[in-house]
Amino acid sequence: MRNIVIAIILFLTINLSAQAKKESIRATYKAEFIFDYEQSKDMFPKDVQPVFKKAIDRGVFVDFILESNNELSIFKADIKLNNAQDEADMIVQEVLKSEQNPLYKDFSKNEYINNLTST
């Protein structure tokens, strides 16, 4: 009986200390942005619309990174240097502009914040 109690106490001690460790994760996701050509073609000049259609038919993909530890997490666009000058890249650049200010999640307060300086 004494051995069972010692085993249970040892198990709980190991389990609780394992949960106290700071863990972190970094994952990369590829997101596809799907545009409805008929709804969004009027945003572009007539001469660019065929190129826009070709670009969305090919697919608009952006990489995102999730970084998280026991305190904060952030889901942000993975911005890479790219000197491409074609219209398809212009669409990706516009998507990246909209993702410039990601939200952070503060696990201690269970709330989202706009930047780390506001904590």
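# Chat: a five-stranded sheet and its core

Q: How are the strands of the open sheet ordered?
A: The open sheet has five strands in the order 1-2-3-4-5, with antiparallel pairing. Strands pair if DSSP finds at least two bridges between them. Strands are DSSP runs of E with at least two residues, helices are runs of H or I with at least four, and both are numbered from the N terminus.

Q: Which strands are at the edges?
A: Strand 1 and strand 5 (111-113), each pairing on one side only.

Q: By how many degrees are neighbouring strands turned?
A: On average 20 degrees against each other, direction ignored. Axes here are lines fitted to C-alpha atoms, for helices over the stretch in contact, and angles run from 0 to 180 degrees between N-to-C directions.

Q: What kind of model is this?
A: This is a predicted model: local features need pLDDT of at least 70, side-chain atom pairs count only at pLDDT 80 or more, and totals for chains, interfaces and linings use all residues. Residues are numbered from 1 along each chain as its sequence is written, and side-chain values use heavy atoms, leaving out hydrogens and water.

Q: OK, back to the strands. How many bridges join strand 1 to strand 2?
A: Nine. Strand 1 covers residues 25-33 and strand 2 covers residues 60-68, and they run antiparallel. Ala 27 stands opposite Leu 66 in strand 2.

Q: And how many join strand 2 to strand 3?
A: Five bridges, again antiparallel, with strand 3 at residues 72-77. Ile 65 has Lys 76 in strand 3 as its bridge partner. Strands 2 and 3 form a hairpin with three residues between them.

Q: What about the whole chain? In what order do its elements run?
A: From the N terminus on, α-β-α-α-β-β-α-β-β. That is four helices and five strands.

Q: How many residues does the largest nonpolar core have?
A: It has 12, among them Tyr 37, Phe 52, Val 62, Ala 77 and Leu 96. Helix 3, strand 2 and helix 4 (87-98) each supply at least two residues of this core. Helix 4 gives the most, with four. A nonpolar core is a set of buried Ala, Val, Leu, Ile, Met, Phe, Trp, Tyr and Cys residues joined through side-chain atoms within 4.5 Å.

Q: What does Val 62 touch?
A: Leaving aside neighbours within four places in sequence, its contacts include Tyr 29, Phe 33, Ala 77, Val 92 and Leu 96. Contact means heavy atoms within 4.5 Å.

Q: New topic: Gln 49. Buried or exposed?
A: Gln 49 counts as buried, at 8% relative accessibility. Buried means under 20% relative accessible area, exposed over 50%, partly exposed in between (1.4 Å probe, protein chains only).

Q: Where is Gln 49, and what does it touch?
A: Gln 49 is in helix 3 (residues 49-58). Not counting residues up to four places away in sequence, Gln 49 touches Tyr 37, Lys 41, Asp 42 and Phe 44. A polar atom of the Gln 49 side chain lies 2.9 Å from the backbone oxygen of Lys 41.

Q: Last one: where does Asn 110 lie?
A: In the loop between strand 4 (104-106) and strand 5. Asn 110 is exposed, with a relative accessible area of 58%.

Q: What is phi of Asn 110?
A: Near 55 degrees, a positive value in a residue other than glycine. Most residues other than glycine have a negative phi.

Definitions and conventions: A polar contact is a pair of N or O atoms within 3.5 Å; within protein, one must be able to donate a hydrogen and the other to accept it, and residues adjacent in sequence count only if both atoms are side-chain atoms.
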